[in-house]
Amino acid sequence: MPSAVRPDTAVVVSRRSGVIKFTNCLLVKGTDLVYEDLWISSVTGKILNGQEILYGHLTAPDEIIDLGGRILSPGLIDVQLNGAYGFDFSVIPEDGTMTYGKGVQQVNWNLVRGGVTSYLPTLTSQRPEVYHKALPYLGPSGSARDPALGSESLGAHCEGPFMSPMKNGIHNVDVLQTPHDGLSSLSACYGPSNLTPHAPSPIKLITLAPELPGALPAIQSLASMGIVASIGHSDATYEEAKTAVQAGATSITHLFNAMKPLHHRNPGIFGLLGTASSSISKPYFGIIADGIHIHPTTIKIAYNAHPEGLVLVTDAMRLAGMPDGVYDWTNGSRIVKKGALLTLEENGKIAGSSIELVDCVTNFLNWTGASVAEALKAVTETPARMLGLEGVKGLLREGADADLVVLDVLEGAVGEEKKVVVDQVWKFGVKVHDREDGREGERV
Ligand SMILES: [Zn+2]
């Protein structure tokens, strides 16, 4: 495997210009893998223009890292993560929000090791007091640009409670609400300090059902505030979904799950991917590629309909990474975990996922025949664009954050499946995880 730079060299480097050059690697660029070098700064935590440094400023890199032909990708982005490693973003511990904040930090440290360098911590439908307590801890966390903090929140994803009681999935139907007064209803629920026009909000994305009374003006307001309105847990018809997109919705939450199925006379929300209408643009859509929520062929159909919009999500909850067994769930019911499959004990309904994002990439690759770069785009460039963060995240482009993953693709024997493995993770230009030596970069 590649020759690692000696640790003592790295220490000297950090006191100099901090310029690092990755070489002998395949860069993820669009839908291609390109054999090119990548230059970054461990001081600014950003990607540099290598040509300019070499020829313009005559600066040699302080450190050259030979990746032995492996893939260098932007860090992975998960826009729907309910919890993991035993922690649930929707549960405020009995001993208060201080413990909650520590729990979030713990998730961030664990998450980054799997290659997820940024994400949207996601709250399921809750009573207002939970949002009031939790949201202040879930807002964008990257302003310090501190690699030691682990994975970075890009803002919270509020999945509900403005959803259809007919498509609630595992959400507690007793806490669902109707946005009668548009944005005012949303502000009252999430807390005025968390959602007010012209003020920064910890919320980045809201999943809601557009057919509910008041939902369309709420979507218009969210769009004007730069908050992504995503159609989900909805009984909307194709026409209703189209109206939501015209109002400013730009995304669909876990396409196919918790919505009407495709019918040849009413294509439902899925129909948005095939719209020929010039008045609306096709929305982004989340896909849970865990082999449980959606059939692989259905994923392929959605991808073929709108490849530029597909975003792989885990929808993972706190049992991700935990042993098999029966666990208490938030609203008094219990969940059975068997491998990646999670079901409600009382009715067998699918109750979320426990998959890692890199494994969604592996599944997608094997199921759709997409190239490695195409599969990685669905967890990097596409979610970044969906969140309005193009140029900052999700691309190996000058000026973007140097959030990176080094990946190996293990090829099986003929006819066997490929597997994508995270070898290294870099956050803001600093290595924070290395599978090979277990070193934890800056945190040591
Ligand atoms: Zn859901």
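**Exercise 1. Work out how many helices and strands the chain has, and how it compares with a globular protein of its length.**

Step 1. Count the elements: the chain has 11 helices and 25 strands. Both are DSSP runs, numbered from the N terminus, with helices being H or I over at least four residues and strands being E over at least two.

Step 2. Check the spread. The radius of gyration of the chain is 22 Å, close to the 22 Å from the globule rule for 444 residues, so the chain is as compact as a globular protein of that length. That radius is taken over C-alpha atoms, and the rule is 2.2 Å times the number of residues to the power 0.38.

Step 3. Picture the box: along the principal axes, the C-alpha atoms fill roughly 60 × 50 × 45 Å.

Before going on, keep in mind that this is a predicted model, where local features need pLDDT of at least 70, side-chain atom pairs count only at pLDDT 80 or more, and totals for chains, interfaces and linings use all residues. Residue numbers start from 1 along each chain as its sequence is written.

**Exercise 2. Find what share of the chain is buried, and what share of the contacts join residues at least 24 apart.**

Step 1. Buried residues make up 50% of the 444 residues. A residue is buried if 20 or more other C-beta atoms lie within 10 Å of its own, exposed if 12 or fewer, and partly exposed in between, with C-beta atoms placed from the backbone.

Step 2. Now take contacts between residues at least 6 apart in sequence: 68% of them join residues at least 24 apart. A contact here means that the two C-beta atoms, placed from the backbone, lie within 7 Å.

**Exercise 3. Split the chain into domains and describe the side of domain 1 that touches domain 2.**

Step 1. The assignment gives domain 1 (7-74 + 397-443) and domain 2 (76-386); such bounds come from an automatic or database domain assignment.

Step 2. Their centres, taken over C-alpha atoms, are 29 Å apart. The contact takes 25 residues from domain 1 and 22 residues from domain 2.

Step 3. On the domain 1 side, the elements giving two or more residues are strand 3 (32-35), strand 7 (71-74), strand 23 (404-410), strand 24 (419-427) and strand 25 (430-434). Strand 24 brings the largest share, five residues.

Step 4. Sort that side by class and you get 12 nonpolar, five polar and eight charged residues. Ala, Val, Leu, Ile, Met, Phe, Trp, Tyr, Cys and Pro count as nonpolar, Asp, Glu, Lys and Arg as charged, and the others, Gly among them, as polar.

**Exercise 4. Locate the largest nonpolar core and say which helix gives the most to it.**

Step 1. The largest core has 128 residues, and those with the most contacts inside it are A134, F285, I287, V311, L312, V361 and F364. A nonpolar core is a set of buried Ala, Val, Leu, Ile, Met, Phe, Trp, Tyr and Cys residues joined through C-beta atoms within 7 Å.

Step 2. Helix 9 (residues 357-368) gives the most, with seven residues. Domain 1 and domain 2 both supply residues to this core, so the core lies between them.

Step 3. Zoom in on F364: beyond its neighbours within four places in sequence, F364 contacts A289, L312, A370, A375 and A378.

**Exercise 5. Place the UniProt active site and binding site residues in the fold.**

Step 1. An unreviewed UniProt entry puts "active site" at D315 and "binding site" at E159, H233 and H254. The positions use the numbering used here, feature names are shortened, and annotations may be inferred rather than shown by experiment.

Step 2. D315 sits in the loop between strand 18 (310-313) and strand 19 (325-328). D315 is buried, with 26 other C-beta atoms within 10 Å. Setting aside neighbours within four places in sequence, D315 contacts Q80, N82, H254, I288, G352 and S353.

Step 3. The binding site residues span 96 residues of sequence, yet they cluster in space, with a largest C-alpha distance of 10.8 Å.

Step 4. E159 is in strand 13 (residues 156-159) and is buried, with 29 C-beta neighbours inside 10 Å. H233 lies in the loop between strand 15 (228-231) and helix 7 (238-247), and is buried too, with 27 such neighbours.
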